[in-house]
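I opened a fresh page for this model today. My plan is to look at how its parts meet and where its charged side chains pair up.

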Amino acid sequence: MAMANDTQPLIDRLAALESRDTLRFAMCGSVDDGKSTLLGRLLAEAGMVPDDRLAQMIRDSKIHGTQGGKPDYSLLLDGLEAEREQGITIDVAWRYFGTDKRAFIVADCPGHAQYTRNMASGTSSAELGVVLVDAQAGVMTQTRRHTAILAMFGVQHVLFAVNKLDLIDYDHARYSAIEHECSKLAHDLGIASADAIPVSAINADNLVAHSPNTPWYTGKCLLEFLETVQVERKVDAAFALPVQWVNRPDHGFRGYVGTIAGGRVAPGNEIVVMPGGQRSRVARVIGGSGDLAVAEAGQAVTLTFADQLDVARGDVIADPANPPEVAAQFACHLLWLDDAPLLPGRRYQMKLATHTAGAQVTEIKHRIDADTQARLAATRLSANEIGYCNLSLDTDIAYRPYRQDRRLGGFILVDRESNATVACGTLEFGLRRDRNVHWQQLDVDRAARAKIKGQTPRCLWFTGLSGAGKSTIANLVERRLLSEGFHTILLDGDNVRHGLNRDLGFTDADRVENIRRVAEVAKLMMDAGLVVLVSFISPFRAERRMARDLIGENGFMEVFVDAPLSVCEDRDVKGLYAQARSGKIANFTGIGSPYEPPEMPEIHVHSDQEAAAESAARIVNQITA
Amino acid sequence: MSVTRLHTHLDRLEAESIRILRETVAECRNPVLLYSIGKDSSVLLHLLLKAFHPAKPPLPMLHVNTTWKFREMIEFRDRIARETGVQLIEHINQDGVDTADPVHAASRHTHVMKTLALRQALAELKFDAAIGGARRDEDPARAKERVFSLRGAGQRWEPRKQRPEPWGLFNTQLAADESMRVFPLSDWTELDVWLYIRREGIEVVPLYFASVRPTFVRNGALLVRDDERVPLEPGEKLIPKKVRFRTLGCWPLTAAVESTATNLDEIIGEMLDTRQSERAGRIIDLDPSDSMERKKREGYF
């Protein structure tokens, strides 16, 4: 009996730990606000830092510390060597701690403006945002930026931790003024609930216990607030499950695998698969160790249907009474992450829930100043900038506006050349444009037009440095083809810029648009049944890929007219290199702007080693063979 | 049939880990589960079985054997592989096996038999994604690592080239020579792991439980002698003590702790009281405090 009494407290405690819930929160603020110190101190005060780590921190404080050799609690958190040397937090860091009531997953977000992008990962999944405010400074530009980003990512609860209260002598009136400012800021940004707590990380005031220094503060201390704040779950939303994978171990079983984004599902429920619209009934709901009577938002399950349907990764299984919307064009907010700027018209890959699709930003409506919320005109977005844009996809997708569902409305863009994640964004609403502009069904098609010309439409895309010999060779090829009875057209870079594209300059954004228009024209010409020769420097791989995607693999031939820069510069037929070298032409390819050579051109011509006529003959042979 | 409501911390951790495992299988060409026999690997394997139930997991597991693991670990490994039916691939770095010396050249041993061996295995078998059981709470250097962690040529980790993962959207695109390390237990803590093992009744290697074992002290570390390859030095002698292990690895490099915890409740109870971090028992970590980050860049997790 004595033993049962001894172990009972432990068993109770284990039961409490097993049934506790989670709070995911994002911690925002700059090093100057004492963010790492606050978090480190909170963990230490709550007894959650092991002794060996505390000892290491005290040792390290003498070398790296910012408190004159006294314990520097921020060192409990800072991990990367580079970051220690710089003394700044450059990337979101994940922290874990817990009490018997709740487990906490903390996204510790960097504060400086140039790291705004790093807040994205941290805030996207947060249920609460904790914003640090320096009591000496009050609500600053960066307080506005942090709170605005929390609002953009749909965080509905914000706690302002007003820190360094010791430095304003625990002045109640000063604190009340700051609290009022914070509450107004949250309200202006549309955040549903906002609270404030006066703290001092250095003195541990109001972290885990009420401080005698703030007798006027009767609210919760920080830890108690975190333990008790209520956040909603998505259980009451309409059922939706983005299909992650189709599990087909054998012919007898076909399970649709995924995590429920919203609502509940049970065997017998009617479902619809979007965007296709096929319908069936749920046969089984399978969990990790057996069949379930019902499953709900957040659970990872496998579904089987009563009927055989064609369902693939990226489809969304949903409640037919309230299915997700379907569109291919959207208005969205974009937070640009990459060092290379966003160029409208460039093709990226979009990933939303489990769906991957080709995407381009067709228009930047405006840029949003994260500090002031002002709308600014913009033709491009640089790293850390937020834009309101139109997004166009290759294909219809099922989605919900981000405000309704983070999982079905949040997306990333991936660069197809560098594979970098270049942006993250939130879908606001679908544009119905593609429903209004129907494709005109044409009776006479490309094949019919090509047939009376007795030829196969093609696009020969000549790319290379200025002076490499593109136009010379393309002209020879066209003459040879004409003499053999082919119907052709030659689109030359310089000539097109005098007419169709005369409104475009030589910025990266204009170069992309230049190529897009030419690719569209080439496609129309191919529809007319022609062999199209395009002679453009077209320096960027991504744009040539865009042209290839637009025109179609079938019939597209990339001809790389290759000569070393020094050879082209020696030739300098048009005197352009001389002007570029003297600074009269900016962004000149090869001098002020890069040329990205094709990796696998269909035809590779070395114009410094072969006569133009020979190259032309080789090309003609290849397409008439 | 049972009704599950998803509101506890463990439920949410489990669901997210399963989502990550499924995403790896859906997006990667040739994934593999790195199985180290420890408690985290046991949890990972359990989650893998759940993720693809009622089918078998569509990927093998890889154990990089340094040849210095506790014998009980290898017996446990072989039995678990048999019982679960998941294909087990064992890799030993044959170039280093004769010269590896964990006693006198611990860093070199770890580098050759673990880091290089893992690189060899991933390259030879052409795995593009290696799923591991590392947790972010293990070390400050891991706090910023992504769930899908891109490795360049030579399996190097570039802290500055990490891809953001908003909404748990993982960019899995790879160039030639690149691969992914995937960490489904990123958000778990050591306490979560033990609570989950207890809740799910997951079997772990008995070395985690206290038992009387033959111990000796070397360089301040309490070691359990597992075989005859390490002779005792003058002044050292084997003393039977009731000890257990908080982490498992090569036996000459893994310190035991004195303990009376013989079941899961007692282990967790002990952990709730103890004031030592988990890795304090790993002798290889007692270098400068930021050595983990350096090892990681070289390709050791």
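**Entry 1: domains of chain A**

I began with the domain assignment of chain A, which gives domain 1 (20–228), domain 2 (240–318), domain 3 (325–436) and domain 4 (446–624). A reminder to myself: this is a predicted model.

I then picked domain 1 of chain A and domain 3 of chain A, whose centres, taken over C-alpha atoms, are 31 Å apart. Their contact draws on 21 residues from domain 1 of chain A and 18 residues from domain 3 of chain A.

How much area is buried between domain 1 of chain A and domain 3 of chain A? I found about 1,400 Å², with carbon and sulfur atoms giving 53% of that. On the side of domain 1 of chain A, R117(A), M152(A) and F153(A) supply 49% of the area buried against domain 3 of chain A, more than any other three residues.

Next I looked for charge pairs and polar pairs there. The rule finds 0 salt bridges across the interface of domain 1 of chain A and domain 3 of chain A, but 6 residue pairs are in polar contact between these domains, counting pairs with both residues at pLDDT 80 or more. The elements of domain 1 of chain A that give two or more residues to this side are α5 (119–124) and α6 (141–152) of chain A. Of the elements on that side, α6(A) gives the most, with 7 residues.

**Entry 2: the largest nonpolar core**

I moved on to the largest nonpolar core, which has 115 residues. Which members touch the most other members? They are F160(A), V43(B) and W194(B). Helix α2 (residues 39–52) of chain B gives the most to this core, with 7 residues.

I listed the neighbours of W194(B), leaving out residues up to four places away in sequence: K39(B), V204(B), Y208(B), L264(B), I267(B), I268(B) and M271(B).

**Entry 3: salt bridges**

Over all chains I get a count of 60 salt bridges. I took a few from chain B for a longer look.

My first pick was E90(B) with R77(B), at 2.7 Å from N to O. This pair links distant parts of the chain, with E90(B) in strand β4 (residues 88–91) of chain B and R77(B) in helix α3 (residues 71–84) of chain B, 13 residues apart. Is each partner buried or exposed? E90(B) is partly exposed at 38% relative accessible area, whereas R77(B) is buried at 5%.

I stayed with helix α3 of chain B for the next pair, R79(B) and E83(B), which lie 4 residues apart, about one turn of the helix. Their side chains meet in a salt bridge at 3.2 Å, N to O. R79(B) counts as partly exposed at 26% relative accessibility, and E83(B) counts as exposed, since its 54% is over the 50% cut-off.

Then I checked R198(B) and D265(B), whose closest N and O atoms are 2.6 Å apart in a salt bridge. R198(B) is in helix α5 (residues 190–200) of chain B and D265(B) is in helix α6 (residues 264–273) of chain B, so the pair ties together parts that are 67 residues apart in sequence. R198(B) is partly exposed at 23% relative accessible area, and D265(B) counts as partly exposed at 22% relative accessibility.

Last on the page, I noted a network of salt bridges that links D11(B), E14(B), K50(B), R199(B) and E200(B).

Conventions:
Residues numbered from 1 in each chain as written. Chains lettered and ligands numbered in written order. Predicted model: local features only at pLDDT ≥ 70, side-chain atom pairs only at ≥ 80, totals over all residues. Heavy atoms only, no water. Core = buried A, V, L, I, M, F, W, Y, C linked by side-chain atoms within 4.5 Å. Buried < 20%, exposed > 50% of the residue type's maximum accessible area, 1.4 Å probe, protein only. Contact = heavy atoms within 4.5 Å. Salt bridge = Lys/Arg side-chain N within 4 Å of Asp/Glu carboxyl O. Domains from an automatic or database assignment. Buried area = accessible area lost by both parts, 1.4 Å probe. Polar contact = N/O pair within 3.5 Å; in protein donor to acceptor, adjacent residues only side chain to side chain.
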